[in-house]
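This report describes a protein model in terms of its overall composition, its covalent cross-link, its charged pairs and the packing of its helices.

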Amino acid sequence: MPAGPVLTRLAATLTDAPADTTRGGYQYVERRTWYRDLIGPPGPTGWPERIRVDQLWRTDDAAKGRLVSVHLETHGCIPDDGESGSWAGRTGDRFDQPPPRQPDALRTHLLIAGGPGENRPQDIVGGVAMLYERHALTRPVRAAVLRLLAQQPGLLAQAGVTDRIQRPGTDLILPYTDRSGVPRRDILTIDARSGVLLAARSVITGPIPPQDPRLGPDFPTLIVAEAANYRLYVDSRRTPNAHTPAAGCQQPTLRSTQSNTSPR
């Protein structure tokens, strides 16, 4: 069904999320990403799938923070020292600044870093996914996000879905054709009561147009592999310090990976 009326109603009736009811000097966001490790030529079954967990603690002004990243594999949890360490927002990066509470201002906020012409619905959808990677959004901001999404032409809603850890939600689906002529759908899965983003992904929905032969025979496979990313937004709240909850492989849910690595 068209997403506009669904999102407008939800924006007016949002329930609390953990970001509204928790307290502390840090925002905490945790994300899991399924992706293809695009190194070298693909094997017999394509590029191997990897799962990365990112935990970010940050102050509201982005002046201080901590980032911890690990990889989940069948044999356990492996720290990623290259991605982990102290964190601070980048000067001038709008995504690190507190997001506005009005849809029009939020639109400018999400698109300020884009180049010419990056004001399409897919840019807004991608900006929302990026916003949730940096912030534990409170209810007024979540309402502004929903009202902004409600303005996007072509956005569809499908209720009664679940994400990869079986949380119920609603899919917001944007069909479009990208600049390379590849038909896609960008999909945001949101909680149908609190409006919190649960997951984000992109899927290819049709044939890939012929590419420049100089790009090599693996290029169509590469496009498909890049589109296979799935981002799961596991947690979003406030914490009293940059060590709560437990970080990396010390986190109880990451010690045993068997139940965490099965895709939907």
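The sections below proceed from the whole chain to individual residues.

## Overall composition

The model is predicted. The protein contains seven helices and ten strands. Of its 264 residues, 48% count as buried. Among the contacts in the protein with a separation of 6 or more, 61% are accounted for by residues 24 or more positions apart.

The protein exposes about 13,000 Å². Carbon and sulfur atoms supply 53% of that exposed area.

## The disulfide

One disulfide is present in the structure. It is formed by Cys 77 and Cys 249, with the sulfur atoms 2.2 Å apart. Cys 77 belongs to strand β4 (residues 76–79), whereas Cys 249 sits in the loop between β10 (230–239) and α7 (252–255), so the pair ties together parts that are 172 residues apart in sequence.

The torsion about the S-S bond of Cys 77 and Cys 249 is about -85°, and the disulfide is therefore left-handed. Cys 77 has a relative accessible area of 19%; because buried means under 20%, Cys 77 counts as buried.

## Salt bridges and their network

The count of salt bridges comes to 14. Side chains of opposite charge can pair when their charged atoms come close. One of these pairs is Arg 31 with Glu 133, at 3.8 Å from N to O. Arg 31 lies in strand β1 (residues 26–36) and Glu 133 in helix α4, so this salt bridge ties together parts that are 102 residues apart in sequence. Both Arg 31 and Glu 133 are buried. Arg 52 also forms a salt bridge, with Asp 54, and the closest N and O atoms of that pair are 2.9 Å apart. The relative accessible area of Arg 52 is 21%, which makes the residue partly exposed, while Asp 54 is buried at 8%. These two pairs are not isolated: Arg 31, Arg 52, Asp 54, Glu 133 and Arg 231 are linked in a network of salt bridges.

A further salt bridge joins the side chains of Asp 96 and Arg 134, at 2.6 Å from N to O. This pair links distant parts of the chain, with Asp 96 in the loop between β5 (85–86) and α3 and Arg 134 in helix α4, 38 residues apart. Asp 96 is buried, with a relative accessible area of 1%. Arg 134 likewise counts as buried, at 13% relative accessibility.

## Packing of helix α3

Which residues of helix α3 (residues 103–111) are buried? They are Pro 103, Leu 106, His 109, Leu 110 and Leu 111. An α-helix has 3.6 residues a turn, so residues three or four places apart point the same way. The buried residues of α3 pack against α4 (121–134) and α5 (139–150).

The axes of α3 and α4 are 9 Å apart, and the two helices pack at an angle of about 85°. Angles of 65 to 115 degrees count as roughly perpendicular, so α3 is roughly perpendicular to α4. On the α3 side, the residues that meet α4 are Leu 106, Arg 107, His 109, Leu 110 and Leu 111. Their partners in α4 are Asp 123, Ile 124, Gly 127, Val 128 and Leu 131.

How values were computed:
Residues numbered from 1 in each chain as written. Predicted model: local features only at pLDDT ≥ 70, side-chain atom pairs only at ≥ 80, totals over all residues. Heavy atoms only, no water. Disulfide = S-S within 2.5 Å. Helix = DSSP H or I, 4+ residues; strand = E, 2+ residues; numbered from the N terminus. Buried < 20%, exposed > 50% of the residue type's maximum accessible area, 1.4 Å probe, protein only. Contact = heavy atoms within 4.5 Å. Areas by Shrake-Rupley, 256 points an atom, 1.4 Å probe, with all protein chains shown as cover. Salt bridge = Lys/Arg side-chain N within 4 Å of Asp/Glu carboxyl O. Axes fitted to C-alpha atoms, helices over the stretch in contact; angles between N-to-C directions. Parallel < 35°, antiparallel > 145°, perpendicular 65-115°, else oblique.
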